[in-house]
Amino acid sequence: MNAIALDQFTAMERARAWASRHNLTVYKTAYKVNQNGPYLELHFVTPQVAKRHAAKMDELSREIGLPVTYATEPKPAHMSEMLTTILPPSWNVSRSHSLHKDAGQFVIKAFGATSIPRQEIEDVRSRFAEMTGYTLVIREA
């Protein structure tokens with residue numbers, strides 16, 4: 001870490017530029033203070049995605065002179081939005097979903113789920129896992 005920490009606003013600005021430079025989606029950058037002092041908290045879609053970028057966050061920490069961590073809560077609304085971008089139009093999915101953080105699962109209900117081709121399901125599951133780090137579970141509605 002740098003001997004001199006950047007001020008709050010400069011550190012947050014640098015963090016946003018860092019995310020852009022690395023083509024990362026960071027939903028929020030928060031400047032926080034605890035008993036150990038100030039730090040930055042980055043909000044990714046899920047902690048699983050954040051963990052993939054731990055080495056890059058270490059680089060950011062050295063650049064701004066502050067510890068950098070990530071939010072431990074997933075963003076279910078953003079996960080749902082991501083899912084809609086990869087769902088085939090033929091799937092008839094309920095708008096409601098369930099998030100099971102401990103199991104790392106995002107559960108959706110599909111009408112006629114048994115008639116969806118197995119390969120199509122696996123492709124969507126694979127893409128969703130890549131985007132979020134969560135397992136997509138599809139149940140019959």
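**Figure 1. Pairing of strand 2 and strand 3 in a predicted model**. Strand 2 (residues 37-43) runs parallel to strand 3, and three bridges join them. Strands are DSSP runs of E with at least two residues, helices are runs of H or I with at least four, and both are numbered from the N terminus. Pairing requires at least two DSSP bridges between two strands. Leu42 has Tyr70 of strand 3 as its bridge partner.

**Figure 2. The open sheet and helix 3**. Three strands form the sheet in the order 1-2-3, with mixed pairing. Strand 1 and strand 3 (68-70) are the edges, each pairing on one side only. Neighbouring strands are turned by 35° against each other on average, direction ignored. Helix 3 (residues 54-64) packs on the sheet and touches strand 2 and strand 3. Contact means heavy atoms within 4.5 Å. The direction of helix 3 makes about 140° with that of strand 3. Axes are lines fitted to C-alpha atoms, for helices over the stretch in contact; angles between N-to-C directions run from 0 to 180 degrees.

**Figure 3. Asn23 in its loop**. Asn23 sits between helix 1 (8-21) and strand 1 (28-34). Its phi is near 55°, a positive value in a residue other than glycine. Most residues other than glycine have a negative phi. Asn23 is exposed, at 71% relative accessible area. Exposed means over 50%, buried under 20%, and partly exposed in between (1.4 Å probe, protein chains only).

**Figure 4. Glu122 in helix 5**. Helix 5 spans residues 118-132. Glu122 is partly exposed, with a relative accessible area of 33%. Its C-alpha atom is separated by 9.5 Å from that of Leu136, 14 residues apart along the chain.

Residues are numbered from 1 along each chain as its sequence is written. In this predicted model, local features need pLDDT of at least 70 and side-chain atom pairs count only at pLDDT 80 or more, while totals for chains, interfaces and linings use all residues; side-chain values use heavy atoms, leaving out hydrogens and water.
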